[in-house]
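The following exercises concern helix packing, salt bridges and residue environments in a predicted model. Each task is followed by a solution worked in steps.

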Amino acid sequence: MAAMSLLVETLTVKRAGRTIVRDCSFSCAPGQAVMLRGPNGAGKSTLLRAIAGFLPCTGTVSLNGHSLAQDKDEVQAQLAYAGHLDAIKPALSVGENLELWADVFGSDRFNEVLGRFDLSAIAMRPAGACSAGQRRRLGLARLALVDRALWLMDEPTVSLDQENVARIEAEVARHLDEGGMAVIATHLPLDVPHHVLELQPVAPEVDAALLDGVF
């Protein structure tokens, strides 16, 4: 995996006229992870989605020298995003879901990843019949199918027991050891090398003209 770097400068995201993230700046180098912390409503998920190019934003997002604003396709080709939804097709089996993603990504790691995420024993089970934890592992397994420099992970340990939290920690550690990067929104600590970025809810903006003459 080629060396990469992520640079975020003065990133601001507004939704429905309200500022959710304001002037957020941080960087992430190869082999590093950034943990996003903060209360509900602080903008952790919004920040991840903006970096992934799913939400309009102002400021700068640059991945390996490519600007999200100017070269969105190139940036998105170098990242993998795992959000709250596991993006599985419930009518397909666990193995068929993973095989479909492997075909889309042109990956030859299907069997390897199936085993690493402890999915081999349930490969024939319909994904819709899986437990929440099994579906979560299946959704996260997509990240390991291809070499993407940057992993964006939104609460990856939700619905996972201690054993499988350790499995995900190992997968993130493997990714970092190979020179990858990760930005992870999580309320639970993950035992991987990381920096913490604390986010707080942005105070509502008040139009000064509306306050004229109030006091």
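**Exercise 1. Packing of two helices**

Determine how the axes of α3 and α5 are arranged, and which residues meet between α3 and α5.

Solution.
Step 1. The axes of α3 and α5 come within 10 Å and cross at roughly 15°.
Step 2. Angles under 35 degrees count as roughly parallel, and α3 and α5 are therefore roughly parallel to each other.
Step 3. The handedness of the α3 and α5 crossing is right-handed.
Step 4. On the α3 side, Val94, Asn97, Leu98 and Trp101 take part; they meet Leu138, Gly139 and Ala141 of α5.
Step 5. Sorted by class, this contact of α3 with α5 comprises 5 nonpolar and 2 polar residues, with no charged residues.

**Exercise 2. The surroundings of α5**

Establish how many residues of helix α5 are buried, and against which elements the buried residues of α5 pack.

Solution.
Step 1. Helix α5 spans residues 132-141, and 8 of its 10 residues are buried, so that the helix is mostly covered under the cut-off of under 20% relative accessible area.
Step 2. The buried residues of α5 are Gly133, Gln134, Arg136, Arg137, Leu138, Gly139, Leu140 and Ala141.
Step 3. Their packing partners are the strands β6 (79-82) and β7 (150-154), together with the helices α3 (94-105), α4 (110-116) and α6 (162-177).

**Exercise 3. A salt bridge between loops**

Identify the salt-bridge partner of arginine 109, and state which parts the pair ties together.

Solution.
Step 1. The count of salt bridges comes to 5.
Step 2. In one of these, arginine 109 pairs with aspartate 147, and the closest N and O atoms are 3.1 Å apart.
Step 3. Because arginine 109 lies in the loop between α3 and α4, and aspartate 147 in the loop between α5 and β7, the pair ties together parts that are 38 residues apart in sequence.
Step 4. Arginine 109 has a relative accessible area of 23% and is partly exposed; aspartate 147, with 44%, is also partly exposed.

**Exercise 4. A network of salt bridges**

Trace the salt bridges of glutamate 171, and name the residues joined into one network.

Solution.
Step 1. Glutamate 171 forms a salt bridge with arginine 116, where the closest N and O atoms are 2.6 Å apart.
Step 2. Arginine 116 belongs to helix α4 and glutamate 171 to helix α6, so this pair ties together parts that are 55 residues apart in sequence.
Step 3. Both arginine 116 and glutamate 171 are buried.
Step 4. Glutamate 171 also forms a salt bridge with arginine 174, with the closest N and O atoms 3.9 Å apart.
Step 5. Glutamate 171 and arginine 174 are 3 residues apart in helix α6, a separation of about one helical turn.
Step 6. The relative accessibility of glutamate 171 is 5%, which counts as buried, whereas arginine 174, at 35%, counts as partly exposed.
Step 7. Through shared partners, salt bridges join Glu112, Arg116, Glu171 and Arg174 into one network.

**Exercise 5. The setting of glutamate 9**

Locate glutamate 9, and list the residues that glutamate 9 touches.

Solution.
Step 1. Glutamate 9 is placed in strand β1, residues 6-15.
Step 2. With a relative accessibility of 38%, glutamate 9 counts as partly exposed.
Step 3. Leaving aside residues up to four places away in sequence, glutamate 9 touches Cys24, Ser25, Gly59 and Thr60.
Step 4. Aspartate 103 is 94 residues apart from glutamate 9 along the chain, and their C-alpha atoms are separated by 35 Å.

Key. Residues are numbered from 1 along each chain as its sequence is written. This is a predicted model: local features need pLDDT of at least 70, side-chain atom pairs count only at pLDDT 80 or more; totals for chains, interfaces and linings use all residues. Side-chain values use heavy atoms; hydrogens and water are left out. Buried means under 20% relative accessible area, exposed over 50%, partly exposed in between (1.4 Å probe, protein chains only). Helices (H or I, at least four residues) and strands (E, at least two) are DSSP runs, numbered from the N terminus. Contact means heavy atoms within 4.5 Å. A salt bridge is a side-chain nitrogen of Lys or Arg within 4 Å of a carboxyl oxygen of Asp or Glu. Axes are lines fitted to C-alpha atoms, for helices over the stretch in contact, and angles run from 0 to 180 degrees between N-to-C directions. Angles under 35 degrees count as roughly parallel, over 145 as roughly antiparallel, 65 to 115 as roughly perpendicular and the rest as oblique. A crossing is left-handed if the near helix is turned anticlockwise from the far one by less than a right angle, and right-handed if clockwise. Ala, Val, Leu, Ile, Met, Phe, Trp, Tyr, Cys and Pro count as nonpolar, Asp, Glu, Lys and Arg as charged, and the others, Gly among them, as polar.
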